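Here is a friendly walk through one structure, written for someone at the bench. Have a look at the sequence and the model first, then read on.

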Amino acid sequence: MAEWWDRAIRRADEMAAGDGSAASLLAFYARLLRSQKRLYESFQRGTPSGSIERDLPLLKKSASALLRDVADHGPDQLAAQARRVLDDDAGSTDNLLLSYWETRSDREFFAKAIVQPYALWLADSAVVPRRHDDAQTAENRCPRCGGMPQLSILEAYASASGDGSGRQLLCATCLKPWSFRRVVCPQCGEEDERKLGYFQSPAFGHVRIDACETCRRYLKTVDLGRFGLAVPLVDEVAAAPLDLWAQEHGYAKIELNLVGL
Ligand SMILES: [Zn+2]
Ligand SMILES: [Zn+2]
């Protein structure tokens with residue numbers, strides 16, 4: 001799994017070095033991915049229980065390094081927030097992580113950044129996380145951990161197959177994909193093609209906005225058939241101008257990404 005993180009880090013580094021409008025976002029994201037990889041690797045010494053309450057000591061021990069890195073190198077606002085979390089008593093970090101696990105709010109930057117490697121570790125260890133709600137039974141939530149979809153992926157073979165297969169949603173929490181029908185809104189389940197719009201910009205040939213007129217929500221789709229070297233999680237961040245376009249047109253994202261877009 002180190003290879004999975006390395007691929008994402010390389011892609012973020014590569015695009016941060018370009019002259020795209022999201023270069024500074026990507027430089028920050030590359031740094032964050034490195035911290036998350038270290039967090040993930042630090043977990044390898046233990047065994048997850050699947051209960052976040054029980055795994056909390058392990059999470060917190062490794063999480064402070066990520067917080068310190070953001071405090072030292074993150075954008076001003078996040079750096080100040082990281083310092084506050086570090087200065088607070090241990091109880092507030094507990095609350096932050098526990099409440100994120102239950103609510104999965106995409107406004108909780110640090111909780112999401114820390115929980116992602118944890119949830120991925122659970123998934124890679126084939127440990128089913130214990131949660132208090134039944135959200136994981138919904139088709140539009142991650143079957144492993146109950147997370148929201150961060151983005152949608154069209155597999156390389158998808159455009160060739162006429163049967164509507166080849167689409168996956170990527171979980172915003174454990175970062176694992178699950179299969180999802182091609183022509184349906186992942187937020188409200190709308191299936192009427194006339195209500196589902198796809199918006200593209202010449203600047204991003206393989207990333208598009210999938211928006212729904214019924215619920216006015218959107219997410220981005222990364223089309224691996226158009227560019228097989230894309231790393232969906234990273235390319236989604238790089239296509240930040242598409243988010244600005246969607247928001248200007250009155251669509252709200254189903255799940256904000258780790259850089260807050
Ligand atoms: Zn998940
Ligand atoms: Zn919808």
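The sections below take up a metal site and then some charged pairs.

## About the model

This is a predicted model, in which local features need pLDDT of at least 70 and side-chain atom pairs count only at pLDDT 80 or more, while totals for chains, interfaces and linings use all residues. Residues are numbered from 1 along each chain as its sequence is written, chains are lettered from A and ligands numbered from 1 in the order in which they are written, and side-chain values use heavy atoms, with hydrogens and water left out.

## The zinc site

Which residues hold the zinc ion (ligand 2)? Its coordination comes from the SG atoms of Cys 185, Cys 188, Cys 212 and Cys 215, at 2.3 to 2.4 Å. Donors here are N, O and S atoms within 2.8 Å of the metal (3.2 Å for Na, K and Ca); water is not among the atoms, so sites may look incomplete. Along the chain, the donors of the zinc ion (ligand 2) are spaced as C-x2-C-x23-C-x2-C.

The arrangement around the zinc ion (ligand 2) is tetrahedral because its four donor atoms subtend angles of 106 to 114 degrees. Four donors earn that label if all angles lie between 85 and 135 degrees. Cys 185 counts as buried, at 4% relative accessibility, whereas Cys 188 is partly exposed, with a relative accessible area of 38%. Buried means under 20% relative accessible area, exposed means over 50%, and partly exposed is in between (1.4 Å probe, protein chains only).

## A link between two helices

A salt bridge is a side-chain nitrogen of Lys or Arg within 4 Å of a carboxyl oxygen of Asp or Glu; by this rule the count comes to 22. In one of them, Lys 37 pairs with Asp 6, and the closest N and O atoms are 2.8 Å apart. Lys 37 sits in helix α2 (residues 23-43) and Asp 6 in helix α1 (residues 2-16), so the pair ties together parts that are 31 residues apart in sequence. Helices (H or I, at least four residues) are DSSP runs, numbered from the N terminus.

Lys 37 is buried, at 16% relative accessible area, while Asp 6 is partly exposed, at 24%.

## Other charged pairs

Arg 107 and Asp 106 also form a salt bridge, with the closest N and O atoms 3.7 Å apart. Arg 107 is exposed at 66% relative accessible area, but Asp 106 is buried at 17%.

Asp 210 forms a salt bridge with Arg 208, where the closest N and O atoms are 2.6 Å apart. Both Asp 210 and Arg 208 are buried. Elsewhere, Lys 220, Glu 236, Asp 243 and Lys 253 are joined into one network by salt bridges that share partners.

Conventions
Four donors count as tetrahedral if all angles lie between 85 and 135 degrees; four count as square planar and six as octahedral if opposite donors are over 155 degrees apart and all others between 65 and 115; anything else is irregular. Helices (H or I, at least four residues) and strands (E, at least two) are DSSP runs, numbered from the N terminus.
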